[in-house]
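Trainee: I'd like a close look at one part of this structure, please. Take me slowly through the chain contact and the pockets and cavities.

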Amino acid sequence: MNWIGLWTLIKREVGRFLSVYKQTILPGVISSGLYIVVFGFTLEQRISEINGVPYTLFILPGLIMMTTLSNATSNTASSMLQMKLLQQLPDLLTAPLSGFEISFAYIVGGALRGFINGLMVIFVGVLLIDMPVQNIWGTLGFIFLVSWAFASMGLLLGQLADTWDHLATMQNFFLTPLSFLGGIFYSIKMLPDWAQTISYFNPIYYMINGIRHTILGVSDSDPMVSFFMALIMTIIFSLSAMLVMKSGKKIKL
Amino acid sequence: MSTPAIQISGLKKSYDNVHALNGVNIQIEQGQFFGLLGPNGAGKTTTINILTGLVRRDTGETNIMGKDTVKDYRFTRSHVGIAAQELSVDWFFPIEKLLYFQAGYYGIPAIKAKPQIDQLLDRMGLMEKKNSRLRQLSGGMKRRFQLAKALVHDPNIIILDEPTAGVDVELRHDLWQYLRDLHSDGKTILLTTHYIEEAELLCEKVAIIDAGKILKEGTPKELTRELGQSGITIHLSGYDKKLIPCLSEYTYTQEKNRLHFSVDDPDSSLPNIIKQISSCDIHIQSVESSSSSLEDVFLHLTGKGINQ
């Protein structure tokens, strides 16, 4: 194991997103604040409570999760694709680093960005609407687990993508729609039966309801099912990203 | 006899249906300055990319210091520093930081890397620019940074892929001197180039590669003695398309207005070539006759110029 190499790459990945915090940290905080103000305060006049929770409070865990997973995904995906396109990847591939070490460092970087973003939105919630957090360790642990899963998925996408267009397609046509349809702004109990059934196939539905349970104590899905879904996604995406890195697919000729 | 620094045997690589390497065999001894000379697309970069782990080999063996470059990749990569032909770009960090990262990838902590990094920044004339981003450096500085990056972990073996491609004459001579210094320090150097002069001046041993095969290997002197013919170099006042049919019976290389002919007997060939060019209404600026060089060897082996 090349521990110094691994630690160096982690420092590089974390330093990379921290050096451009205006692009990587602040937007999530600002957009979540805007969602709370625009959606929450205006719609709360008309939708008083969902599952016994005030509307603004109800949407906050979903916003935390959306910010977390989109940041975790885009960090690893864009960093990997950027390194490929700007000829930086050969520096790593010619160094005595294993595929596991490279993948692990990237995932840590992405997971940390997702985690920090999730944490910032929690602060926004606490500051703006005095959001209570029922299970703080459960909340932090769940955010980190989901960050790890989606950072791994992002790494996989970054390795397989050839252009920025490929990444944008994944983000715009899959990740964002699945996040919005995962129940950020509504409870799936408000949907017709067929739409509820479709929601059960959306993995992000379980992520949103998992975090909603740890923060508010209410959830559409069984909290254990949410936890296991996050765990399974973490395992599958981590292994896939590491195996693809080891194989050199789309990275080595 | 000591273990060869680099040993390549029967190396083959295809991309889709294109055979990039057709059984390459090379042996480079420790401390040797070795040149891999060939035109663009000959297989030089593919060979070194396989050695350094950027490209997967199809068949054959690639060993560094006696160890397999795939199975024992940690060992082999830690002995090699590579300066790639393509310049990398990093938007985020100053160049000094990038050198510390590079040292870290090779398992060297910052505190141990500092003397080597300071020395390299100084030698490459980059000390004043150490807090600049790569995009703020000139092309020549980027090339020097690329070399500094290859040397940051003080490797025994240095692989340089076209290190002077696209650099001005002054920098080229400066880099050549630095490579000579590294060689005299006992480093093994594998240099790929399509500049014949570079190979002739620097390398102790040269392999000529074309279409994925090593055509000939030896010291520049051996090669020119065995295969070289004398050379006639003619500078024209301007290029004219009618030159091509006019000289169709001769084998020559052309770079802009410079023509180089490899001939057995310059005394008898020179008047005929001049007569032929003059008969086509093409103005000759100057004529030089020279003894055999690697350029003539290359022409003899491949029937074409290195830049054609």
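Mentor: Let's warm up with one pair: A:E13 forms a salt bridge with A:R16, and their closest N and O atoms are 3.9 Å apart. A salt bridge here is a side-chain nitrogen of Lys or Arg within 4 Å of a carboxyl oxygen of Asp or Glu. Because A:E13 and A:R16 are three residues apart in helix α1 (residues 3–19) of chain A, about one helical turn separates them. Helices (H or I, at least four residues) and strands (E, at least two) are DSSP runs, numbered from the N terminus. Over all chains, the whole structure has eleven salt bridges.

Quick ground rules before we go on. This is a predicted model, where local features need pLDDT of at least 70 and side-chain atom pairs count only at pLDDT 80 or more, while totals for chains, interfaces and linings use all residues. Residues are numbered from 1 along each chain as its sequence is written, chains are lettered from A and ligands numbered from 1 in the order in which they are written, and side-chain values use heavy atoms, leaving out hydrogens and water.

Now for the part you asked about. Chain A and chain B each put 30 residues into the contact, where contact means heavy atoms within 4.5 Å. Together they bury about 2700 Å², with 59% of it on carbon and sulfur atoms. That buried area is the accessible area (1.4 Å probe) that two parts lose on being put together, summed over both.

Between chain B and chain A there are two salt bridges. One of them joins B:K149 to A:D91, with the closest N and O atoms 3.0 Å apart. Side chains of opposite charge can pair when their charged atoms come close. There are also nine residue pairs in polar contact between the chains, both residues at pLDDT 80 or more. A polar contact is a pair of N or O atoms within 3.5 Å; within protein, one must be able to donate a hydrogen and the other to accept it, and residues adjacent in sequence count only if both atoms are side-chain atoms.

Which pieces of chain B touch chain A? β1 (6–15), α2 (73–78) and α3 (95–105) of chain B each supply at least two residues of that side. The largest share, five residues, comes from α3(B). By class, this side of chain B has 16 nonpolar, seven polar and seven charged residues. Ala, Val, Leu, Ile, Met, Phe, Trp, Tyr, Cys and Pro count as nonpolar, Asp, Glu, Lys and Arg as charged, and the others, Gly among them, as polar.

Next, the empty space. On a 1 Å grid over the protein atoms alone, a cavity is a set of points where a 1.4 Å probe fits but cannot get out, a pocket is an open set with protein on both sides within 12 Å along at least five of seven lines, and lining residues have an atom within 4 Å of a point. Grid points are joined across faces, edges and corners, and a volume is the space filled by probe spheres set on the points.

The largest pocket holds about 580 Å³. Of its 26 lining residues, A:Q87, A:P90, A:L253, B:N49 and B:L54 are the closest to its centre. α1(B) gives the largest share of this lining, four residues. The second largest pocket has about 470 Å³, and among its 22 lining residues A:K246, A:K252, B:V70, B:Y73 and B:R77 lie nearest the centre. There, α11(A) gives the largest share, five residues.

Closed spaces next: the count is four cavities of 30 Å³ or more. The largest has a volume of about 150 Å³. Of the 17 residues lining it, the closest to its centre are A:P90, A:D91, B:I82, B:A84 and B:K149. So here you meet the salt-bridge partners B:K149 and A:D91 again.

The second largest cavity has about 130 Å³. Of its 14 lining residues, A:R12, A:D91, B:D90, B:L98 and B:Q102 are the closest to the centre. α3(B) shows up again, with the largest share of this lining, four residues. By class, the lining splits into seven nonpolar, three polar and four charged residues.
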